[in-house]
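Hi everyone, thanks for making time for this one. Let me put the structure up on the screen, and then we'll walk through it together.

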Amino acid sequence: MRNHKKQRNSKYSSNRTRMVLSTYRDALTRQKLRELEKKLIQYFAQLCHKEDLLTQVLIDPETFAVQFRDVHGRLLSLASFSAGERQLYALALLQALRAIGQRRLSLVMDTPLALLDEEYRQRFLRE
């Protein structure tokens, strides 16, 4: 009888621990995604210099799907960005991931500025 009670308590404790850890993981994921959203907007604005193009980024914590909104709250599609703006978005995303991450990551890119026009190329190199 005593062993059965210990096993039941052990199973309860184990389940409770899993639940607490799962809740913590979910909360931490949401916190890091909010940080990533803020940094992504910040870095994109610095690189693009079109402050009305992208003012809100929302990342779904379940699917990691990304939504973009402009200054008027309208939903934007990444496909509606020019090739250069998509390149700047990718660079801003990488910069944001590095900023919130705990590890320094190396990055190798093949012609990272190829899709940018001369103005953006110079701005990117300066900043």
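Okay, so what do we have in terms of secondary structure? The chain has three helices and three strands. Before I go on, keep in mind that this is a predicted model. If you trace the chain along its sequence, the pattern you meet is α-β-β-β-α-α.

Let's start with the strands. In what order do they sit in the sheet? The order is β1-β2-β3, in an open sheet of three strands with antiparallel pairing. That puts β1 and β3 at the edges, each pairing on one side only.

Now zoom in on β1 and β2. Strand β1 covers residues 56-59 and strand β2 covers residues 66-69, and four bridges hold this antiparallel pair. If you want one bridge to look for, find Val57: its partner in β2 is Phe68. Remember Phe68, by the way, because we'll come back to it. The two strands make a hairpin, with six residues between them. In that turn, Phe64 has a positive phi of about 65°.

On to the other pairing. Strand β3 is residues 75-76, and it runs antiparallel to β2, joined by two bridges. Here you can look for Arg69, whose bridge partner in β3 is Leu75. This is a hairpin as well, with five residues between the strands, and Gly73 takes a positive phi near 85°.

Right, aromatic rings. How many aromatic pairs does the count come to? Three. Let me show you one of them, Phe68 with Phe81: the ring centres are 5.8 Å apart and the planes sit at 45°. Why do we call that pair tilted? Well, the stacked label needs planes under 30 degrees apart and edge-to-face needs over 60, so an angle of 45° lands in the tilted group. This pair also links distant parts of the chain: Phe68 is in strand β2, while Phe81 is in the loop between β3 and α2, 13 residues away.

Are those two buried or exposed? Buried means under 20% relative accessible area. Phe68 has 5%, so it counts as buried, and Phe81 has 3%, so it is buried too. And if you follow the ring pairs around, they link Phe44, Phe68, Phe81 and Tyr89 into a cluster.

Now let's go out to the surface. There's a nonpolar patch there made by Leu94, Leu97 and Leu107, and together they have about 230 Å² of accessible area. Leu94 belongs to helix α2, which is residues 83-100. Its relative accessibility is 30%, so Leu94 counts as partly exposed.

Last, a few numbers for the chain as a whole. It has 127 residues, and 23% of them count as buried. The chain exposes about 9,400 Å², and carbon and sulfur atoms supply 53% of that. And if you take contacts between residues at least 6 apart in sequence, 51% join residues at least 24 apart.

That's my tour, so go ahead and ask away.

How values were computed
Residues are numbered from 1 along each chain as its sequence is written. This is a predicted model: local features need pLDDT of at least 70, side-chain atom pairs count only at pLDDT 80 or more; totals for chains, interfaces and linings use all residues. Side-chain values use heavy atoms; hydrogens and water are left out. Two strands pair if DSSP finds at least two bridges between them. Patches are made of residues with over 30% relative accessible area and no salt bridge: like charges are joined within 9 Å, nonpolar side chains (Val, Leu, Ile, Met, Phe, Trp, Tyr) within 5 Å. Accessible areas come from the Shrake-Rupley method with a 1.4 Å probe; for residues, only the protein chains shown count as cover. A salt bridge is a side-chain nitrogen of Lys or Arg within 4 Å of a carboxyl oxygen of Asp or Glu. Buried means under 20% relative accessible area, exposed over 50%, partly exposed in between (1.4 Å probe, protein chains only). Contact means heavy atoms within 4.5 Å. Rings of Phe, Tyr and Trp (its six-membered ring) pair if their centres lie within 6.5 Å; planes under 30 degrees apart count as stacked, over 60 as edge-to-face and the rest as tilted.
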